[in-house]
Amino acid sequence: MDESPRYCRRCGERLVTGLVATSRRHCCLNATPIVGACPEHGPVGPHDAVEQ
Ligand SMILES: [Zn+2]
């Protein structure tokens, strides 16, 4: 398990991870990995997630 918190690069909000984020992934049509869900921007990929 990766327990390091991630933050949205655009607004700095902490991303929600876990079942909430993963369950929101679109089926096969979208293969982009979702790091977490931003309260402002929704699902966030690796490019928009920072550790601090
Ligand atoms: Zn955001």
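What percentage of the 52 residues of the protein chain count as buried? The figure is 21%, where buried stands for 20 or more other C-beta atoms within 10 Å of a residue's own, exposed for 12 or fewer, and partly exposed for anything in between, with C-beta atoms placed from the backbone.

## What you are looking at

This is a predicted model, in which local features need pLDDT of at least 70 and side-chain atom pairs count only at pLDDT 80 or more, while totals for chains, interfaces and linings use all residues. Residue numbers start from 1 along each chain as its sequence is written.

The predictor's confidence in each residue, pLDDT, runs from 0 to 100. For the protein chain its mean is 79, and 71% of the residues reach 70 or more.

## The layout of the chain

The protein chain has one helix and four strands; these are DSSP runs numbered from the N terminus, with H or I over at least four residues for a helix and E over at least two for a strand. Read from the N terminus, their order is β-α-β-β-β.

Among these elements, strand 1 (residues 7-8) has the highest mean pLDDT, 96, and helix 1 (residues 19-23) the lowest, 54. Where pLDDT is low, please don't read the predicted coordinates in detail.

## The nonpolar core

Nonpolar side chains tend to be buried together in soluble globular proteins. Here the largest nonpolar core has seven residues: C8, L15, I34, V35, A37, C38 and V44. Such a core is a set of buried Ala, Val, Leu, Ile, Met, Phe, Trp, Tyr and Cys residues joined through C-beta atoms within 7 Å.

Take V35 from this set: setting aside neighbours within four places in sequence, V35 is in contact (C-beta atoms, placed from the backbone, within 7 Å) with R6, L15, V44, G45, P46 and A49. Across the protein chain, 42% of the contacts with a separation of 6 or more join residues 24 or more positions apart.

## Two loop residues to look up

G45 sits in the loop between strand 3 (42-44) and strand 4 (49-50). G45 is exposed because it has 12 other C-beta atoms within 10 Å. Beyond its neighbours within four places in sequence, G45 contacts T32, P33, I34 and V35. The C-alpha atoms of G45 and I34 are 4.7 Å apart, with their positions 11 residues apart along the chain.

E13 belongs to the loop between strand 1 and helix 1. E13 counts as partly exposed because it has 15 C-beta neighbours inside 10 Å. Not counting residues up to four places away in sequence, E13 touches Y7, C8, C38, P39 and E40. From E13 to E40 the C-alpha distance is 7.9 Å, though they are 27 residues apart in sequence.

Notes. Contact = placed C-beta atoms within 7 Å.
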